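Here is a protein model to look over. Please keep the sequence beside it while reading.

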Amino acid sequence: MANTVITIGRSYGSGGRTMAKMLAKKLGINCYDREILRMASDDSGINEALFGQADEKLNKSSLFGIVKKNPYKGGVIGPESADFVSDDNLFNYQAKIIKELAKTESCIIIGRAADYVLRDDPNVIRLFCYAPKDDCVKRVMEADGLDAKEAAKKIEKIDKFRADYYHYYTGGEWNDARNYNLCLDTTSMSYEQLIEIVETFIRVYHR
């Protein structure tokens with residue numbers, strides 16, 4: 001039987017990461033998020049800090065607004081190139097790890113445009129988690145100790161970064177339902193009920 005590989009995109013404050021961790025535990029499989037940065041570092045020999053710094057640098061800059069999109073086409077740039085530690089190649093190495101994980105084990109992969117990276121794999125299930133703005137604000141207020149205005153501002157900033165990042169590396173729209181097999185409103189029911197829906201979907205999908 002093919003591996004069960006689930007990619008999860010999520011709006012900030014939707015609880016998508018929490019659901020991913022709970023789903024992985026229920027299914028008895030690994031869930032990968034920032035662990036992919038360490039794995040990409042081990043594979044490439046590039047310092048792990050550079051992968052994290054790339055995320056932070058892109059998050060704080062207007063790069064995506066001034067540079068045309070550069071959809072991922074596969075492959076990595078070797079260490080002999082001046083572009084070896086470029087932001088694009090750091091993404092390439094993360095994509096390489098994502099592909100290797102999908103080939104070797106059942107797992108859940110959070111973010112990092114994994115749905116696009118694995119777009120040619122017929123066994124991958126692509127989920128997107130979202131929630132109404134007010135619910136996202138409440139979650140972020142509780143989690144980060146912010147007031148409503150600060151929480152709303154943080155959500156707007158992070159969701160914009162995720163949308164720009166996705167568009168730059170895929171050419172597509174991050175929150176377009178057509179990119180996913182299943183979109184879930186995380187406030188429509190409990191996490192446990194949402195996980196039951198996903199489990200049923202997995203059984204039907206792999207039938």
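The questions below go through cysteines, a helix, the cores and one aromatic residue.

This is a predicted model, in which local features need pLDDT of at least 70, side-chain atom pairs count only at pLDDT 80 or more, and totals for chains, interfaces and linings use all residues. Residues are numbered from 1 along each chain as its sequence is written, and side-chain values use heavy atoms, with hydrogens and water left out.

Q: How many disulfides does the structure hold?
A: A disulfide here is a pair of cysteine sulfur atoms within 2.5 Å. For Cys107, the nearest cysteine sulfur belongs to Cys31, 8.7 Å away. For Cys129, it belongs to Cys183, 8.8 Å away. The number of disulfides is zero.

Q: Is Cys107 buried or exposed?
A: Buried means under 20% relative accessible area, exposed means over 50%, and partly exposed is in between (1.4 Å probe, protein chains only). Cys107 has a relative accessible area of 0%, so Cys107 is buried.

Q: How far apart are the end C-alpha atoms of helix H8?
A: Helices are DSSP runs of H or I with at least four residues, strands are runs of E with at least two, and both are numbered from the N terminus. The expected span is 1.5 Å times one less than the number of residues. For the 23 residues of H8 (148-170), that gives 33 Å. The model agrees, with the ends apart by 32 Å.

Q: Which residue caps the N-terminal end of H8?
A: Look for a polar contact: N or O atoms within 3.5 Å, one able to donate a hydrogen and the other to accept it, with residues adjacent in sequence counting only if both atoms are side-chain atoms. A side-chain oxygen lies 3.2 Å from the backbone nitrogen of Lys149. The cap is Asp147.

Q: Which helix gives the most to the largest nonpolar core?
A: A nonpolar core is a set of buried Ala, Val, Leu, Ile, Met, Phe, Trp, Tyr and Cys residues joined through side-chain atoms within 4.5 Å. The largest has 35 residues, and Phe91, Ile109 and Leu118 have the most contacts inside it. Eight residues come from one helix, H5.

Q: Which residues does Phe201 contact, leaving aside neighbours within four places in sequence?
A: Phe201 sits in helix H9 (residues 191-205). At 23% relative accessibility, Phe201 is partly exposed. Asn181 is 20 residues away in sequence, yet 9.4 Å away C-alpha to C-alpha. By contact (heavy atoms within 4.5 Å), the partners of Phe201 are Ile125, Asn181 and Leu182.
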